[in-house]
Amino acid sequence: MTKAEIIESVYSLVGGFSKKEASDLVEAIFETMKETLASGRAIKLSGFGNFVVRDKASRPGLNPKTLARIRLDERRIVRFRPSLVLKLRVNGGRAPRAGAEKKMLSRVAAANDERE
Amino acid sequence: MSKAMTKSQLIEVIAERARLPRTRAEDVVNCIFETMSAALERGEGIEIRGFGSFTIRDYEGYTGRNPKKNEPVAVKPKKLPFFKVGKDLKDLVASRAHLPLDTGDDRS
């Protein structure tokens with residue numbers, strides 16, 4: 001799945017937006033998330049997962065190709081922790097669904113049924 | 001220090017940025033993450049250029065141990081979503097490593 005398909009989903013399932021508007025909205029959301037994480041702030045998306053920012057200390061390491069000893073500098077990284085709901089879903093389990101998301105969920109599910 | 005941004009805060013930022021009613025912004029945000037969850041549920045990966053990509057990783061079953069009782073437990077094979085941070089985001093976050101970190105509570 002690419003960003004284009006996500007934009008198409010917003011365009012056809014939310015409705016009321018032009019393709020350009022749907023595209024701008026999707027871009028704005030990922031841009032906002034990037035800026036937020038860059039500012040050192042985590043993002044918690046209930047039902048999906050959490051994006052967290054972590055500082056890693058410098059440590060000794062190996063160059064995997066040459067096996068030469070190198071020093072890994074301290075760095076700041078982003079990690080994703082999938083929610084329990086998402087973990088259950090990818091394993092074929094039924095997950096509890098919140099009211100606000102229910103409407104969108106059934107629309108996406110209906111669109112998927114048509115695709116199959 | 002600022003706490004983690006929640007989904008409702010993300011919705012508010014988008015409503016303001018795009019000058020949309022909050023309920024419309026909420027529909028858009030829910031649609032995006034529901035569409036992505038449905039793709040992962042089908043076992044399909046997602047690539048969002050500049051942000052990152054999501055794949056489903058298969059893990060084999062193994063014999064673990066109950067740490068309290070010290071008894072062996074069979075852990076079944078499972079799938080887990082895996083996020084690989086995109087180059088843009090990776091570099092952006094690394095370049096701001098001097099900013100204070102909101103470690104917050106990262107458990108969902």
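This is a short tour of a predicted model, stop by stop, with something to select at each one.

**Stop 1: a sheet shared by two chains**

Start by selecting β5, β2 and β1 of chain A, then add β1 of chain B. Together they make an open sheet of four strands, in the order β5(A)-β2(A)-β1(A)-β1(B), and the pairing is mixed. Which strands stand at the edges? They are β5 of chain A (75-82) and β1 of chain B (5-6); each has a single partner strand, so one side of each is left without a neighbour in the sheet.

As background while you look, strands of a sheet pair through backbone hydrogen bonds, either parallel or antiparallel.

**Stop 2: one pair inside that sheet**

Now keep just β2(A), residues 49-56, and β5(A). These two run antiparallel, and eight bridges join them. For a spot to click on, try A:Gly49: its bridge partner in β5(A) is A:Pro82.

**Stop 3: a helix from the other chain**

Leave those two strands on screen and add helix α3 of chain B, residues 87-95. This helix lies across β2 and β5 of chain A, and it runs at about 125° to β5(A).

Next, bring in helix α2 of chain A, residues 19-38. How do α2(A) and α3(B) sit relative to each other? Their axes come within 8 Å and cross at roughly 30°. Angles under 35 degrees count as roughly parallel, so that is what α2(A) and α3(B) are. The crossing is right-handed.

To see who is touching whom, show side chains for A:Lys34, A:Leu37 and A:Ala38 on α2(A), then for B:Asp88, B:Leu89, B:Leu92 and B:Val93 on α3(B); these residues make the contact. Colour them by class and you get five nonpolar, two charged and no polar residues.

**Stop 4: a hairpin in chain B**

Hide chain A for a moment and select residues 62-66 and 71-75 of chain B. Those are β4(B) and β5(B), an antiparallel pair joined by five bridges. One bridge to look for takes B:Thr63 to its partner B:Ala74 in β5(B). The two strands form a hairpin with four residues between them. In the turn, click B:Asn70, which has a positive phi of about 60°.

**Stop 5: a last residue in chain A**

Bring chain A back and find A:Ala111, which belongs to helix α4 (residues 99-115). Is A:Ala111 buried or exposed? Something in between: its relative accessibility is 29%, so it counts as partly exposed. Finally, add A:Ser12. A:Ser12 and A:Ala111 are 99 residues apart along the chain, yet their C-alpha atoms are separated by 9.3 Å.

Notes: Residues numbered from 1 in each chain as written. Chains lettered and ligands numbered in written order. Predicted model: local features only at pLDDT ≥ 70, side-chain atom pairs only at ≥ 80, totals over all residues. Heavy atoms only, no water. Pairing = 2+ DSSP bridges. Contact = heavy atoms within 4.5 Å. Axes fitted to C-alpha atoms, helices over the stretch in contact; angles between N-to-C directions. Parallel < 35°, antiparallel > 145°, perpendicular 65-115°, else oblique. Left-handed = near helix turned anticlockwise from the far one by under 90°. Nonpolar A, V, L, I, M, F, W, Y, C, P; charged D, E, K, R; others polar. Buried < 20%, exposed > 50% of the residue type's maximum accessible area, 1.4 Å probe, protein only.
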